[in-house]
Amino acid sequence: QVQLVESGGGSVQAGGSLRLSCAASGRTVSGFCLGWFRQTPDNEREGAASINDGDFTTYYTDSVKGRFTISRDNAKNTLYLEMNNLKPEDSAMYYCAASYWMCDAGNWYSRATFTWWGQGTQVTVSA
C-alpha cells in the first residue's frame, strides 16, 4: 500500500506562484509513474501533469505547459508541482496519484492509470 499526502495549497492572486508537495509512505514510489490531477466541483478530475521514473519523462495538459513543472525526489519519496503565473482557472482541488506502471502519451492523464490517491490540497487563485 502507498499513502499519499499533499501539501502546499493555498490562496494566491493571479500571477502568483505555489509549490505543491506530495509525500509518499508505506513503500517506495521509485519506478512508479506519479501524477497531479485537479478537480473543481463542476468538472471531472483531470490530469494536469505526470512524470515517469528513470528517464523522468514528463507530460502536461496544454493549459499548464510553460507554467507548471512536475518533479520528483525518489530519495525523499516525494512528488512536487511548481506552479507559476497562476490563473483563476487553475483554482481546483489538486490530487497526487501513483501508478505501479509506467505512463505514456496515451495514459498519463487517465484516472484509470493510477492506483493510489491522496486526499487533495486546495488551490484558489483570485483575479
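**Exercise 1. Determine in which sense S1 and strand S3 pair, and over how many bridges.**

Solution. The two elements to compare are S1 and strand S3 (residues 18-25), which pair in the antiparallel sense over 5 bridges; strands here are DSSP runs (E, at least two residues), numbered from the N terminus, and two strands pair if DSSP finds at least two bridges between them. The model is a predicted one, in which local features need pLDDT of at least 70 and side-chain atom pairs count only at pLDDT 80 or more, while totals for chains, interfaces and linings use all residues. Residues are numbered from 1 along each chain as its sequence is written, and side-chain values use heavy atoms, with hydrogens and water left out. Two positions show the register: Glu6 stands opposite Cys22 in S3, and the bridge partner of Val5 in S3 is Ala23.

Next, place this pair in its sheet. Four strands form an open sheet in the order S1-S3-S8-S7, with antiparallel pairing. Its edge strands are S1 and strand S7 (68-73), each of which pairs on one side only. From one strand to the next the twist averages 15°, with axes taken as lines fitted to C-alpha atoms and angles running from 0 to 180 degrees between N-to-C directions.

**Exercise 2. State which side chains of strand S1 (residues 3-7) are buried.**

Solution. In a regular strand the side chains alternate between the two faces of the sheet. Along S1, Leu4 and Glu6 point to one face and are buried, whereas Gln3, Val5 and Ser7 point to the other and are not; buried means under 20% relative accessible area, exposed over 50%, and partly exposed in between (1.4 Å probe, protein chains only).

**Exercise 3. Describe strand S11 (residues 121-126) by its faces and its partners.**

Solution. Begin with the faces: Thr121, Val123 and Val125 point to one face and are buried, while Gln122, Thr124 and Ser126 point to the other and are not. Then take the partners. Strand S2 (residues 10-13) pairs with S11 in the parallel sense over 4 bridges, and Gln13 has Ser126 as its bridge partner in S11. S9 and S11, by contrast, run antiparallel and are joined by 3 bridges, with Met93 standing opposite Gln122 in S11.

**Exercise 4. Identify the residues that line the largest cavity.**

Solution. A cavity is a set of points, on a 1 Å grid over the protein atoms alone, where a 1.4 Å probe fits but cannot get out, and lining residues have an atom within 4 Å of a point. The structure holds 1 cavity of 30 Å³ or more, and the largest cavity has a volume of about 40 Å³, a volume being the space filled by probe spheres set on the points. Its lining consists of Leu4, Cys22, Ala24, Val29, Leu34, Asn77, Thr78, Leu79, Cys96 and Ala97. S3, strand S8 (78-83) and strand S9 (92-99) each supply at least two residues of this lining.

**Exercise 5. Locate Gly118 and decide whether Gly118 is buried or exposed.**

Solution. Gly118 has its place in the loop between strand S10 (116-117) and S11. With a relative accessible area of 6%, Gly118 is buried. Leaving aside neighbours within four places in sequence, Gly118 is in contact (heavy atoms within 4.5 Å) with Leu4, Glu6, Tyr95 and Cys96. Gly118 and Ala98, 20 residues apart in sequence, are 9.0 Å apart in space, C-alpha to C-alpha.

Methods:
On a 1 Å grid over the protein atoms alone, a cavity is a set of points where a 1.4 Å probe fits but cannot get out, and a pocket is an open set with protein on both sides within 12 Å along at least five of seven lines; lining residues have an atom within 4 Å of a point.
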